[in-house]
Amino acid sequence: MSRIALAFRSFFAILFTGQLPGDIAQAFGFTQVKSPTPAAKPVPVARPSDGALQILGLLQRDSRLIDFMMEDISAYSDDQVGAAVRNLHDQCRESLNRYLRLAPVIDAVEGSFTKLDTNDPATVKLLGNVPVSGKAPGGILRHKGWRAEKIDLPPTPPAQSVTVIAPAEVEVE
């Protein structure tokens, strides 16, 4: 007699509510399917390239570095290029100092003999007669290298696309 009662309960519950009662669904091993919830917006994940593009965007904003690099300067005289580069250099250096603290990888005089503390290829690039082992006790310092001691980039707005380095500028008349 209990199966007839379950059948009537199930029939009328489905007829009037559109759902099978939870206790009956559990008794027969059915699970209730929850109504689909609206999909949450995916949280943007920061990639290493995002910081590089942000720094490039800051250099463009503060000094128009990309505009200068993308322009064909072959038609200009050396004096004109030199005058433009002096101003560009000052503005780029100011921007880098504002957002980064840079330090030499090896703090020594270029052109002097330097003893190596590490042979890590990501830290020191060996040039010339490099031993087969890839390790050398030292050599003549040709470039100090650079490393970032501190990075203090401003937060990017969540809706801003990181691939847009500098937005187009349109003057409305």
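One cavity of 30 Å³ or more is found in the structure, which is a predicted model. This largest cavity holds about 40 Å³ of space. Its lining is made up of Ile55, Leu58, Leu59, Ser95, Leu96, Tyr99 and Leu100. Two elements, helix H3 (48-63) and H5, each give two or more residues to that lining. Sorted by class, the lining comprises six nonpolar residues and one polar residue, with no charged residues.

Ser95, one of the residues lining the cavity, deserves a closer look. Ser95 is placed in helix H5 and counts as buried, because its relative accessibility is 2% and the cut-off for burial is under 20%. Leaving aside residues up to four places away in sequence, Ser95 touches Leu58, Leu59 and Asp62. Leu58 and Leu59 also appear among the residues that line the cavity.

Leu59 leads on to the nonpolar core. The largest such core consists of six residues, namely Leu59, Leu65, Phe68, Val81, Leu88 and Cys92. Helix H4 (65-70) and helix H5 (78-99) are the elements that give two or more residues to this core. H5 provides the largest share, with three residues. Cys92, a member of this core, touches Leu59, Ser63 and Leu65 when residues up to four places away in sequence are not counted. Leu59 is thus met in three settings: it belongs to the core, it lines the cavity, and it is touched by Ser95.

A wider view helps to place these details. The protein chain contains five helices and four strands, and along the sequence these follow the pattern α-α-α-α-α-β-β-β-β. Of its 173 residues, 17% count as buried. The accessible surface of the chain comes to about 14500 Å², and 59% of this surface belongs to carbon and sulfur atoms. Among contacts with a separation of 6 or more, 65% are accounted for by residues 24 or more positions apart.

Pro104 offers an example of contacts between parts of the chain that are separated in sequence. Pro104 lies in strand S1 (residues 100-104). With a relative accessibility of 19%, Pro104 counts as buried, because the cut-off is under 20%. Its contacts, not counting residues up to four places away in sequence, are with Lys144, Gly145, Trp146 and Arg147. Glu149 stands 45 residues from Pro104 along the chain, and the C-alpha atoms of Pro104 and Glu149 are separated by 9.6 Å.

Open pockets complete the picture. The largest pocket contains about 500 Å³ of space. It is lined by 21 residues, of which Val124, Lys125, Leu126, Leu127 and Ile140 are the closest to its centre. Strand S3 (residues 138-140) gives the largest share of this lining, three residues. By class, the lining of the largest pocket divides into 11 nonpolar, seven polar and three charged residues.

The second largest pocket contains about 410 Å³ of space. Of the 20 residues that line this second pocket, Gly57, Leu58, Gln160, Val164 and Ile165 lie nearest its centre. The lining of the second largest pocket divides into 10 nonpolar, six polar and four charged residues. Leu58 links this pocket to the opening theme: besides lying among the residues nearest the centre of the second largest pocket, Leu58 lines the largest cavity and is touched by Ser95.

Technical notes. Residues are numbered from 1 along each chain as its sequence is written. This is a predicted model: local features need pLDDT of at least 70, side-chain atom pairs count only at pLDDT 80 or more; totals for chains, interfaces and linings use all residues. Side-chain values use heavy atoms; hydrogens and water are left out. A nonpolar core is a set of buried Ala, Val, Leu, Ile, Met, Phe, Trp, Tyr and Cys residues joined through side-chain atoms within 4.5 Å. Buried means under 20% relative accessible area, exposed over 50%, partly exposed in between (1.4 Å probe, protein chains only). Contact means heavy atoms within 4.5 Å. On a 1 Å grid over the protein atoms alone, a cavity is a set of points where a 1.4 Å probe fits but cannot get out, and a pocket is an open set with protein on both sides within 12 Å along at least five of seven lines; lining residues have an atom within 4 Å of a point. Grid points are joined across faces, edges and corners, and a volume is the space filled by probe spheres set on the points. Ala, Val, Leu, Ile, Met, Phe, Trp, Tyr, Cys and Pro count as nonpolar, Asp, Glu, Lys and Arg as charged, and the others, Gly among them, as polar. Accessible areas come from the Shrake-Rupley method with a 1.4 Å probe; for residues, only the protein chains shown count as cover.
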